[in-house]
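Colleague: Could you take me closely through one part of this model and then connect it to the rest? I would like the strands first, and after them the helices that I should inspect.

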Amino acid sequence: MHDPDREAALGELVRFRQEFYACLTARADALFELAEAVLCTDGPVRSLVGLSLAPEHRRGHGALYDAMNCGRIDIERLRTTLAGLPLPRAADGRLVLAVDVSPWVRPDANTSPDRSFCHTYGRGRDQHLMIPGWPYSIVAALEAGRTSWTALLDAIRLQPGCDVAAVTTVQIRQVVERLIAAGHWQPGDPEILVVLDAGYDAPRVAHLLGGLPVQILGRMRSDRVLRRPAPARMPGARGRPARHGGEFIFRDPASWGDEHVITRTPTRLYGTATAQAWNRLHPRLTSRAAWTGHQGPLPIIEGTLIRLTVDRLPSGGQAKPVWLWCSAIDLDAADIDRCWQAFLRRFDIEHTFRLFKQTLGWTVPKLRDPEAADRWTWLIITAHTQLRLARPLTADLRRPWEKPAPPERLTPARIRRGFRNLRTKTPSPAGAPKPTRPGPGRPPGSTNHRRAPRHNVGRILTTGEAYQRPTHHNKGTKPRRQG
């Protein structure tokens with residue numbers, strides 16, 4: 001039966017696979033078939049070498065590791081290709097981007113360079129641990145409604161000692177510029193909404209992204225203090241005019257005053273969601289930390305503060321208020337509801353991280369070279385993108401104990417089960433392998449006399465000042481703090 005929508009979706013998937021292969025500039029066939037094995041392997045990816053046993057990977061395990069270590073990917077071209085794909089939008093037609101950091105923990109990889117102390121959750125009861133690894137900053141476009149799908153657009157590995165806000169700002173700016181070049185935003189369209197968690201300084205990110213058609217929405221800690229606009233100067237007053245108004249203390253309701261907007265929305269799981277909003281609040285900046293060396297007067301970064309409360313939580317826990325700060329001002333009730341609902345959609349990127357690590361095997365390989373880790377990360381991103389493009393094409397191969405789901409509600413893991421059947425309808429650009437003999441390798445019984453160098457573990461600071469963990473070079477030597 002002729003289905004134009006299905007044929008258009010299949011053509012989009014075929015074009016992306018062809019363009020992805022064109023982005024592989026070295027060891028292209030092996031890298032492409034490695035991504036195919038990730039998509040077609042039954043069950044979660046347990047090991048990197050195990051992917052060489054998949055029928056879709058026609059080469060040996062030696063070619064697999066050679067592709068990971070010596071392959072090349074044109075990352076800029078691949079980023080442009082991802083920005084040109086159809087992207088999900090919010091209910092009002094605007095693009096909503098989520099930015100978050102996910103760590104690839106490598107606590108025992110002493111021979112791997114560029115590791116940083118990554119903030120990890122859930123490794124103990126109510127414990128937040130700092131574990132060495134490679135942190136990756138990932139940008140994704142969010143869908144409307146409850147879903148586990150996101151459209152991945154970019155990923156960068158954070159270097160030790162980098163300024164997270166500055167690096168993230170450059171990343172967001174480049175993503176937005178690619179989206180504009182691809183025609184996803186035109187003058188007159190709603191501004192792109194960028195959603196951040198509490199680990200980012202939302203006002204500073206909004207200041208650094210000035211000039212772009214974006215709004216910044218970020219979560220704030222409950223111990224923050226903001227300032228109101230400076231009061232009007234009285235006639236005949238002397239001295240320097242005030243730059244800040246009264247304090248708005250999050251933990252002191254007496255300092256809040258009257259909100260300019262309040263909305264109440266009934267929800268199925270949380271009861272009534274109440275959003276209170278105060279207009280034109282800003283943090284009082286000082287010439288310390290990230291603002292050290294700022295030329296000229298410190299800016300006044302005004303925005304809208306939103307306090308979101310709900311009646312109950314599905315888990316039965318205590319429902320604490322959520323504080324949000326938006327870089328837009330003079331918002332009405334509809335805009336306030338749009339902001340806090342968009343922030344709740346930010347947690348969809350956590351589903352993508354869990355799929356990466358538990359199903360696609362993102363953090364499974366024990367790679368030594370961080371460039372090889374970047375290569376593997378982009379293969380996982382392209383595999384996830386192919387799953388997203390295959391949503392209207394794949395049949396639901398559900399387990400007997402799973403409930404039926406409509407096609408638009410299938411999860412990425414369930415789409416992956418049927419990708420092997422869909423792959424036969426999409427031509428593979430990878431060439432057939434050529435027979436060869438393995439090299440002689442190291443003589444049997446010999447030892448490796450070339451010891452791999454050990455590397456320090458760095459730390460990412462908001463000031464951009466690098467800190468290196470001391471390394472014990474000789475026994476009996478007292479370690480010294482460096483940096």
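What follows is a walk from one strand outward to its surroundings.

Modeller: Please keep in mind throughout that this is a predicted model. The part to begin with is strand 7 (residues 192-196), where 5 of the 5 residues are buried, so this strand is largely enclosed by the rest of the structure. Its side chains fall into two groups, with Ile192, Val194 and Leu196 pointing one way and Leu193 and Val195 the other way, and all of them are buried. The general background is that in a regular strand the side chains alternate between the two faces of the sheet.

Strand 7 has pairing partners that can be taken in turn. With strand 3 (residues 96-105) it pairs in the parallel sense over 3 bridges, and within that pairing Val96 stands opposite Leu193. With strand 8 (residues 214-220) the pairing is again in the parallel sense, here over 5 bridges, and Val195 of strand 7 stands opposite Leu217 of strand 8. To get from strand 7 to strand 8 the chain passes through helix 6 (residues 202-208), and this β-α-β crossover is right-handed.

Elsewhere in the chain there is antiparallel pairing to set beside this. Strand 12 (residues 271-281) is mostly covered, since 8 of its 11 residues are buried by the criterion of under 20% relative accessible area. Strand 11 (residues 261-267) pairs with strand 12 in the antiparallel sense over 7 bridges, with Pro266 having Thr272 as its bridge partner, and a hairpin of 3 residues joins the two strands. Strand 12 also runs antiparallel to strand 13 (residues 303-309), to which 6 bridges join it, and there Ala275 has Leu308 as its bridge partner.

Turning to the helices, Val175 sits in helix 5 (residues 164-181) and is buried, with a relative accessible area of 2%. Leaving aside neighbours within four places in sequence, Val175 is in contact with Leu97, Val139, Leu153 and Asp154, and Leu97 falls within the residue range of strand 3.

Helix 1 (residues 4-22) deserves a similar reading. Its 19 residues reach 27 Å from the first C-alpha to the last, close to the 27 Å expected at 1.5 Å a residue. The buried residues of helix 1 are Ala9, Leu13, Phe16, Arg17 and Phe20; they cover an arc of only 100 degrees around the axis, which puts them on the same side of the helix. On the other side of helix 1, Pro4 and Arg15 are exposed. The elements that cover its buried residues include strand 1 (24-26), helix 2 (28-40), helix 4 (75-83), helix 9 and helix 11 (419-423).

Helix 9 (residues 370-389) can be followed through Thr385, which lies in it and counts as buried at 1% relative accessibility. Beyond its neighbours within four places in sequence, Thr385 is in contact with Phe16, Leu82 and Leu85, and Phe16 is one of the buried residues of helix 1.

The packing can finally be read as nonpolar cores. In the largest one, which has 81 residues, Leu51, Trp376 and Leu379 touch the most other members. Leaving aside neighbours within four places in sequence, Leu379 is in contact with Phe20, Leu31, Leu34, Ala35, Met68 and Ile73. A second, separate core of 40 residues includes Ala83, Ala206, Leu281 and Leu285.

Note on methods. Residues are numbered from 1 along each chain as its sequence is written. This is a predicted model: local features need pLDDT of at least 70, side-chain atom pairs count only at pLDDT 80 or more; totals for chains, interfaces and linings use all residues. Side-chain values use heavy atoms; hydrogens and water are left out. Helices (H or I, at least four residues) and strands (E, at least two) are DSSP runs, numbered from the N terminus. Buried means under 20% relative accessible area, exposed over 50%, partly exposed in between (1.4 Å probe, protein chains only). Contact means heavy atoms within 4.5 Å. Two strands pair if DSSP finds at least two bridges between them. A crossover is right-handed if, with the strands pointing away from the viewer, the path from the first strand over the helix to the second runs clockwise. A nonpolar core is a set of buried Ala, Val, Leu, Ile, Met, Phe, Trp, Tyr and Cys residues joined through side-chain atoms within 4.5 Å. The expected span of a helix is 1.5 Å times one less than its number of residues. The arc is that of the directions from the helix axis to the C-beta atoms.
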